[in-house]
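Biologist: I have a structure open and would like to learn how to read it. Could we take it one feature at a time?

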Amino acid sequence: HVVTPLLGAGLLVWAGPGPVIGLDVATFAAAAAAAAALRLREPRPERAAQPPWAAITAGLRHIAATPVLRRVVAAVVIGASVFGFFETVQFAVVGTGLHRSPAFLGVLTAAQGGGAVLGGLVAAPVLARTSERLLVGSGLLACALSCLAAATGQLALVLAGGALLGVCIVWINVGAITLVQRQTPARLLGRVDAGVNVLVTVPQAVSIAVGAAAIAVLDYRILLAVMAAVMLAAAGFLARVPGSTAGTATRSMATASNRVQR
């Protein structure tokens, strides 16, 4: 994710889109063949004794019953409601803000990849000294700063903003996923993870469509300002919420487990 965007951008400028598309097809085909060659023996799943609808909603009900998990997921959902703007705003940042060709987006992507690597390296030490809630909140704050930097039209700041975006994505994911694992009994992990994905992916998908429509009538800097404001609001919401104690977490897990069993 750090090197390939630069290589792809260079290949696009030098040889056009055909070789880039062909190389993408070849790498995905090789990955698919490697996955198909794997041989795994998994135990047959046990049929659930509870009604299908109860099994489907078990993850969502556990999130709702666990205060710290509910609040962190809510903050991430607030951020996701505008995060999809990046899908279209990044092209305006490159073309209108930096006056560069679309191929320069590969440079921004490489900066984002570098930030993601750095964020991944420091996420564990930061998490060990703080909490998942603070790591997610810091990620939301980094995203807000990234939006403000991208709106400046200054190359150095835009690249720094791209790196911050990489840090933001990693910190939010690491914090949220770690919290899910700590606050969820093992047999509910899959359903809780699916519930989090639904809650985050749906508003993010909607924001992609909204951003694509809004960029046609609004200055891209307005969209970046809206994104920054929403991310700051999500981080502020999370900062005001006290974390759950170990006893509260244990009671919440037991309550959710009993509800699923019933």
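**Reading a chain of helices**

Modeller: Start with one residue: setting aside neighbours within four places in sequence, Leu179 is in contact with Val68, Leu69, Val72 and Glu132. Keep in mind that this is a predicted model.

Biologist: Where does Leu179 sit, and is Leu179 buried or exposed?

Modeller: Leu179 belongs to helix α8. Its relative accessibility is 2%, so Leu179 counts as buried, the cut-off being under 20%.

Biologist: Which residue, 46 places away along the chain, has its C-alpha atom 8.1 Å from that of Leu179?

Modeller: That is Arg133. For the protein chain in general, take the contacts between residues at least 6 apart in sequence: 83% of them join residues at least 24 apart.

Biologist: Glu132 was in the contact list of Leu179. What are the place and the contacts of Glu132?

Modeller: Glu132 is in helix α7. Apart from neighbours within four places in sequence, Glu132 touches Leu127, Gly175, Thr178, Leu179 and Arg182. Glu132 has 7% relative accessibility and therefore counts as buried.

Biologist: Let us step back. How many helices and strands does the protein chain have?

Modeller: There are eleven helices and zero strands. Read from the N terminus, every element in the order is therefore written α. Of the 262 residues, 38% count as buried.

Biologist: How do I describe two helices that pack together?

Modeller: Look at the distance between the axes, the angle, the handedness and the residues in the contact. Take α7 (residues 132-150) and α8 (residues 155-182): their axes come within 7 Å and cross at roughly 160 degrees. That angle makes α7 roughly antiparallel to α8, since the cut-off for this is over 145 degrees. The crossing of α7 and α8 is left-handed. Sorted by class, their contact has 18 nonpolar, seven polar and two charged residues.

Biologist: At what angle do α6 and α8 pack, and how far apart are their axes?

Modeller: The angle is about 40 degrees and the axes are 6 Å apart. α6 and α8 are therefore oblique to each other. Their crossing is right-handed. On the α6 side the contact includes Gly115, Ala116, Gly119 and Gly120, and on the α8 side Gly162, Ala163, Gly166 and Val167 are among the residues involved. By class, the contact of α6 with α8 has 17 nonpolar, seven polar and no charged residues.

Biologist: How do I judge whether a helix has the span of a straight one?

Modeller: Compare the distance between its end C-alpha atoms with the span expected at 1.5 Å a residue. Helix α4 has 17 residues and reaches 24 Å from its first C-alpha to its last, close to the 24 Å expected. In helix α5 (residues 86-97), the end C-alpha atoms are only 14 Å apart, while a straight helix of twelve residues would span 16 Å.

Biologist: Which residues of α4 and of α5 are buried?

Modeller: A general point helps with such lists. An α-helix has 3.6 residues a turn, so residues three or four places apart point the same way. In α4, the buried residues include Val68, Val72, Val76, Gly79 and Phe83. In α5, the buried residues are Phe86, Thr88, Val89, Ala92, Val93, Val94 and Gly97.

Biologist: Against which helices do the buried residues of α5 pack?

Modeller: They pack against α4 (67-83), α6 (105-129), α7, α8, α9 (189-214) and α10 (220-239). Take α10 as one case: α5 and α10 pack at about 135 degrees with their axes 9 Å apart. The two helices are therefore oblique to each other, and α5 passes α10 in a left-handed crossing. Phe86, Val89, Ala92, Val93, Thr96 and Gly97 in α5 meet Tyr220, Leu223, Leu224 and Met227 in α10. By class, this contact has eight nonpolar, two polar and no charged residues.

Biologist: What is the phi of His99, just after α5?

Modeller: Phi of His99 is near 55 degrees, a positive value in a residue other than glycine. His99 lies in the loop between α5 and α6.

Biologist: Is His99 buried or exposed?

Modeller: The relative accessible area of His99 is 66%, so His99 is exposed; the cut-off for that is over 50%.

Notes
Residues numbered from 1 in each chain as written. Predicted model: local features only at pLDDT ≥ 70, side-chain atom pairs only at ≥ 80, totals over all residues. Heavy atoms only, no water. Axes fitted to C-alpha atoms, helices over the stretch in contact; angles between N-to-C directions. Helix = DSSP H or I, 4+ residues; strand = E, 2+ residues; numbered from the N terminus. Parallel < 35°, antiparallel > 145°, perpendicular 65-115°, else oblique. Left-handed = near helix turned anticlockwise from the far one by under 90°. Nonpolar A, V, L, I, M, F, W, Y, C, P; charged D, E, K, R; others polar. Expected span 1.5 Å × (residues − 1). Buried < 20%, exposed > 50% of the residue type's maximum accessible area, 1.4 Å probe, protein only. Contact = heavy atoms within 4.5 Å.
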